[in-house]
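Biologist: I would like a close look at one part of this protein. Please keep the answer connected, and show me the model before we start.

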Amino acid sequence: MSIDLNKEGRLIIAMGIGTDVTGKSAALAVQNAISQALQHSSLSILKNMNISEEQIRVKVSVGIKDSTGVSATDIVLPFAPAPEVHIVDGGMDVVNPESGARQILATAAIEVFLPKQPGWKLRS
């Protein structure tokens, strides 16, 4: 979905990195990345604004090396309507050369777009 900067602007971006140290679940690494992004954000401000959920657009992008087992429908955020979810190539697997054990790393970015507000200046 393209962004119409005349109608909306990005208010918030939150980023996180998550891991699954067992190397078994890319979905767990993704959820941990999203959780970390939420912990470092001020997304709770959305509940205090006089803007309906229908006017809020949320985009979640997750980067993972192997997206097997990761589903966009599993990504739910506690503060907003269903987000647009984009699963992209990214993240990495780190393999211990001695034991062969791997750890899965994922990245997440959460972007919140709001309609233009009178008196606000949102920079693109």
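Is Glu111 buried or exposed, and what is its relative accessible area?

Modeller: Glu111 is buried. Its relative accessible area is 10%, and the cut-off for buried is under 20%, so the residue falls inside that class. Keep in mind that this is a predicted model.

Start with the partner of Glu111. Its side chain meets that of Lys59 in a salt bridge, at 3.8 Å from N to O. The two residues come from distant parts of the chain. Lys59 sits in strand β2 and Glu111 in strand β5, which spans residues 102-115. They are 52 residues apart. Lys59 counts as partly exposed, because its relative accessibility is 25%. The bridge thus joins a partly exposed lysine to a buried glutamate.

Glu111 also has a contact in strand β1. That strand covers residues 8-20 and contains Ile12. Ile12 touches Glu111, and it touches Ile110 and Val112 as well. Further contacts of Ile12 are Ser42, Leu43 and Ile45, with neighbours within four places in sequence left aside. Ile12 is buried, at a relative accessible area of 8%. Its C-alpha atom is 9.3 Å from that of Leu114, although 102 residues separate the two along the chain.

Now the nonpolar core. The largest one has 27 residues. Ile110 and Val112 are among the five members that touch the most other members. The other three are Val30, Ile34 and Val60. At least two residues of this core come from each of β1, α1 (26-39), β2 and β5. Take Val30 as a case. Beyond four places in sequence, Val30 touches Val62, Ile64, Val70, Ile75 and Ala106.

Back to charges. The structure holds three salt bridges, and Lys59 with Glu111 is one of them. Another pairs Arg57 with Glu84, with the closest N and O atoms 2.9 Å apart. Arg57 belongs to strand β2 (residues 57-64) and Glu84 to strand β3 (residues 84-89), so this pair ties together parts that are 27 residues apart in sequence. Both Arg57 and Glu84 are buried. Arg102 and Asp93 form a salt bridge too, and their closest N and O atoms are 2.6 Å apart. Arg102 counts as partly exposed because its relative accessibility is 30%.

Next, the pairing of β5. Strand β4 (residues 92-95) pairs with β5 in the antiparallel sense, over four bridges. Met92 has Leu105 as its bridge partner in β5. The β4 and β5 hairpin has six residues between its strands. Gly100 in this hairpin takes a positive phi near 80°.

Finally, the wider setting. The protein has one helix and five strands, in the order β-α-β-β-β-β from the N terminus. Of its 124 residues, 35% are buried. Among contacts with a separation of 6 or more, 77% are between residues 24 or more positions apart. The accessible surface comes to about 7600 Å², and carbon and sulfur atoms hold 51% of that.

How far to trust the details? The mean pLDDT of the protein is 84, with 89% of residues at 70 or more. Confidence is highest in β4, at a mean of 95, and lowest in β1, at 87.

Terms used:
Residues are numbered from 1 along each chain as its sequence is written. Side-chain values use heavy atoms; hydrogens and water are left out. Buried means under 20% relative accessible area, exposed over 50%, partly exposed in between (1.4 Å probe, protein chains only). Contact means heavy atoms within 4.5 Å. A salt bridge is a side-chain nitrogen of Lys or Arg within 4 Å of a carboxyl oxygen of Asp or Glu. A nonpolar core is a set of buried Ala, Val, Leu, Ile, Met, Phe, Trp, Tyr and Cys residues joined through side-chain atoms within 4.5 Å. Two strands pair if DSSP finds at least two bridges between them. pLDDT is the predictor's confidence in each residue, from 0 to 100. Accessible areas come from the Shrake-Rupley method with a 1.4 Å probe; for residues, only the protein chains shown count as cover.
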